[in-house]
Structure formats: C-alpha cells, structure tokens
Amino acid sequence: GVTWSLEMSSHQFALYSLDSIDVEEWDFVSGKRDSSTLKFSPLHNNIETEVTELNLRLFLDSRFSRGLAYSGSGNVTTFSSGFDTVCYYCLLEAKLDRKWGDGGVKRFVVCFLASSESSLEHFCSELDAHSQLILQDIQVSGCNPISEQAKELLSTWHENNVDYIIRCVEKSGSSLSSLIFTSLMNVPTRFSGGTERDKQDIEKFVATCGLSGILQPHIKEKSASDSPSAVLLDLDTPAVSNDSGRSADVTLITVTSNALQLSHSDTNRFCEDWAKRMTDSDETRLTAPQLRQIVEEFKLKAIQDINTLKRLIKQSEASYYALYRSFLFLKLCGNAAVLLQYARQEAISLTAKDSLSVLDSLKSHLVNETVLS
C-alpha cells in the first residue's frame with residue numbers, strides 16, 4: 001500500500017479539467033443507454049504514485065456521477081488510499097477567453113489531500129476561497145499549460161489555509177485577546193510592517209473569528225469571485241459605531257518579525273478566555289484543527305448569547321423584570337459590548353424602536369456599573 005507521512009509531502013493536490021464525452025454504454029441497472037460520461041484530465045498534481053492518482057480520478061468520477069459536487073463550494077470526504085486520508089474537492093467553472101482555445105465555459109476540479117488528522121472539514125471556507133484564486137488565475141492565464149502562479153497556489157494550499165492559524169496565534173502573543181475583540185466588534189484594520197503573508201494570516205484569522213457573515217446576512221458580503229481576498233476582511237469598510245462606549249476607530253496592526261501590536265488594548269473577559277484556551281495547553285502546541293475547533297466553540301457560545309439577549313430584549317419591551325434580567329445577563333456574560341452591538345444592528349435594520357429604547361437603557365446602566373467604558 002501507499003505509505004503516507006504527516007510531513008509536507010502528505011499535503012498533496014491535483015488539478016483536473018472536466019469534460020463530458022459522448023459514448024454508447026448500456027446501463028444494466030436501469031436498462032437504458034447512457035450517452036455521456038465524465039473525463040478527468042490531469043493538469044498538475046504532486047500525487048506520490050500513479051496508482052493513487054488513478055484511484056483519485058475513479059473516486060471523483062463516482063462522486064460527480066452521483067451529483068455530489070456544486071460549483072464553487074467544496075466537499076470534504078474520506079478517500080481510501082491505503083491510509084486514513086481526507087479529500088477536499090471543488091468544482092470550478094471558468095469563462096475562458098477565446099485566446100485560450102474555443103472560449104466559453106470550461107470545468108475544472110481541484111483536489112487537496114491530507115491525513116485525516118488535518119480535519120479539513122474545519123477549513124472549508126478558506127479552501128473554497130483558495131480554489132477561487134486558482135480559478136481566477138486560470139481565467140486570466142489559461143490552463144495549457146498551467147501558470148507558475150497557479151502551481152504556487154496549488155503547492156501552498158495547506159501552508160496558506162490551515163497552518164495560518166498557528167502562525168497568527170504565535171505571533172499575536174499577549175495581543176491575541178484584543179485581536180479577537182477587534183474581529184468580534186467588526187472594527188476595520190490597517191497594517192504597518194510585516195510581510196504580505198503576515199497580513200494575509202492576520203486577515204484570515206480575524207475573518208475566521210468574526211460573526212458578521214453569520215449574524216448579518218442582510219449586509220451585502222463580497223463574494224469570493226469579487227476579489228482574491230474576499231475571504232478576508234474588506235479593509236476599505238468605513239468605521240462603524242459600537243457599544244463599547246465610543247465610536248469604532250480603525251485598528252492599526254503593527255507587525256514585526258516575531259510579534260504584532262495593536263493600536264488599542266480593548267478586550268473583555270470573553271475574549272481573554274478565548275485567547276487563553278488557544279495559548280494555554282499541557283501539550284507542546286495545539287494543532288491547527290484544535291485551534292480552529294476552539295474558534296468555532298467560542299463563536300457558537302457568542303451566537304447563543306446574542307440570541308438569548310434578543311429574546312430578553314423582546315420581553316423587556318413589556319416587562320421591567322425582563323429588563324433587569326437583561327441587565328444581569330449582560331453584566332455577567334463577559335461579552336456585553338459585542339452582544340449589544342449585534343443586537344443594536346439588528347434592531348436598527350428592523351426599525352425596532354422599542355428594542356432600541358431598551359438597548360439604550362441597558363447601555364446607560366452598564367456604563368454606570370463600569371461594565372462598559
């Protein structure tokens with residue numbers, strides 16, 4: 001069998017063009033004649049053996065023949081290769097210029113393979129965006145041959161879209177809780193110093209920790225096809241107001257070779273607990289999937305608290321006791337500024353004047369109690 005290691009060589013990839021070819025095959029199950037089948041043509045890969053690569057094509061044919069693929073949205077599933085392996089695969093549809101052939105729409109499939117310990121299912125959003133970068137390069141540069149830029153994107157898929165979370169946590173150091181708070185408050189960021197990869201790592205981390213894409217579907221989000229950095233924060237977004245006691249400024253992130261520093265030290269107990277979970281471990285170092293799992297756990301807790309607050313606010317419109325319960329909940333949760341901000345944004349979007357009045361009263365009492373500055 002194939003021997004897989006957990007080294008970089010186990011982070012394999014393959015890019016195929018996908019075509020339908022006309023054949024005459026009799027389907028003995030349905031009793032009908034099938035006039036088309038799929039053809040996966042290898043364009044570029046680093047699969048270690050020909051047998052594994054052939055098995056990957058047969059695997060893809062089985063998945064696609066059953067309709068288990070959607071353009072631009074990847075899937076992660078187990079791939080039998082003689083070792084516990086997971087496969088991320090994504091269907092890409094490119095509108096090619098006629099200078100690259102017949103023009104029109106061509107279909108491609110990108111695959112990323114790793115050991116099951118990589119838990120790629122936690123990184124689907126990053127891998128979807130990375131696949132779109134590959135698609136954009138194909139649309140610009142064509143696929144015969146694949147450009148050096150596309151090859152670079154393929155070969156660095158794991159480093160850029162999984163390992164980034166480790167690099168960002170290590171570089172953040174004592175500023176990690178403030179960086180998480182910046183993300184939850186949806187505060188725009190600017191950068192000073194550092195490499196392009198440093199900037200991309202931090203932007204991905206902030207986008208990963210953020211809640212706006214989940215809780216504010218009414219706010220138009222840039223699609224991955226709009227920009228190569230669509231998965232990252234839109235750095236041109238104007239500053240927004242928040243409920244931390246002041247208007248949100250742009251956060252300046254100064255990056256050096258081994259650390260980063262924010263222009264503010266704003267944080268709260270919730271973000272401090274989150275950062276502590278990501279940095280305090282009896283083990284030598286948490287893996288990227290473990291760090292990502294912590295992120296998802298804290299985001300889920302924040303969403304649950306926001307929904308709890310929304311219910312309490314609705315009840316508070318007609319009950320002073322519910323208003324008091326809302327106040328106690330915010331005082332004790334350790335995340336009052338974030339919860340108030342999202343509750344206020346929803347109330348504004350729904351023109352809920354009674355809810356806004358309740359929120360104003362809660363904010364005033366929290367400021368008096370020094371829960372908010």
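A residue counts as buried when its relative accessible area is under 20%, and as exposed when that area is over 50%. The legends below use these words for a predicted model.

**Figure 1. An aromatic pair within helix α9.**
W274 has a relative accessible area of 0%, so it is buried. F270 is also classed as buried, because its relative accessibility is 6%. Both residues belong to helix α9 (residues 269-279), where they sit 4 residues apart, about one turn of the helix. The ring centres of F270 and W274 are 6.0 Å apart and the planes stand at 85°, so this pair is edge-to-face.

**Figure 2. A stacked aromatic pair between strands β4 and β5.**
Applying the rule for ring pairs gives a count of 10 aromatic pairs. A pair of aromatic rings is described by the distance of the centres and the angle of the planes. For Y88 and F112 the distance is 5.6 Å centre to centre and the angle between the planes is 10°, and the pair is stacked. Y88 lies in strand β4 (residues 84-96) and F112 in strand β5 (residues 104-115), so the pair links distant parts of the chain, with 24 residues from one to the other. Both Y88 and F112 are buried.

**Figure 3. An aromatic cluster.**
Which residues form one aromatic cluster? The members are Y16, F40, F59, F64, F79 and Y89.

**Figure 4. Helices α11 and α12 in contact.**
Two packed helices are described by the angle between their axes and the distance between the axes. Helix α11 covers residues 320-333 and helix α12 covers residues 336-349; their axes come within 8 Å and cross at roughly 130°. The crossing angle makes α11 oblique to α12. On the α11 side the contact is made by F329, L330 and C333, and on the α12 side by A336, L339 and L340. By type, the residues of this contact are 6 nonpolar, no polar and no charged.

**Figure 5. The buried helix α6.**
Helix α6 spans residues 176-184, and 9 of its 9 residues are buried, so the helix is largely enclosed by the rest of the structure. Its buried residues are L176, S177, S178, L179, I180, F181, T182, S183 and L184. Just after α6 comes N186, which takes a positive phi of about 60°.

**Figure 6. Two loop residues with positive phi.**
Most residues other than glycine have a negative phi. S119 is not a glycine, yet its phi is positive, at about 50°. This residue is in the loop between β5 and α2 (124-141). Is S119 buried or exposed? Its relative accessibility is 15%, so S119 counts as buried. T351, also a residue other than glycine, has a positive phi near 50°. T351 is placed in the loop between α12 and α13 (353-368). The relative accessible area of T351 is 59%, so this residue is exposed.

**Figure 7. The whole protein chain, as a setting for the close-ups.**
The chain contains 13 helices and 8 strands. It has 373 residues, of which 46% count as buried. Among contacts with a separation of 6 or more, 68% come from residues 24 or more positions apart. The chain exposes about 18800 Å², and carbon and sulfur atoms supply 49% of that area.

Notes: Residues are numbered from 1 along each chain as its sequence is written. This is a predicted model: local features need pLDDT of at least 70, side-chain atom pairs count only at pLDDT 80 or more; totals for chains, interfaces and linings use all residues. Side-chain values use heavy atoms; hydrogens and water are left out. Axes are lines fitted to C-alpha atoms, for helices over the stretch in contact, and angles run from 0 to 180 degrees between N-to-C directions. Helices (H or I, at least four residues) and strands (E, at least two) are DSSP runs, numbered from the N terminus. Angles under 35 degrees count as roughly parallel, over 145 as roughly antiparallel, 65 to 115 as roughly perpendicular and the rest as oblique. Contact means heavy atoms within 4.5 Å. Ala, Val, Leu, Ile, Met, Phe, Trp, Tyr, Cys and Pro count as nonpolar, Asp, Glu, Lys and Arg as charged, and the others, Gly among them, as polar. Buried means under 20% relative accessible area, exposed over 50%, partly exposed in between (1.4 Å probe, protein chains only). Accessible areas come from the Shrake-Rupley method with a 1.4 Å probe; for residues, only the protein chains shown count as cover. Rings of Phe, Tyr and Trp (its six-membered ring) pair if their centres lie within 6.5 Å; planes under 30 degrees apart count as stacked, over 60 as edge-to-face and the rest as tilted.
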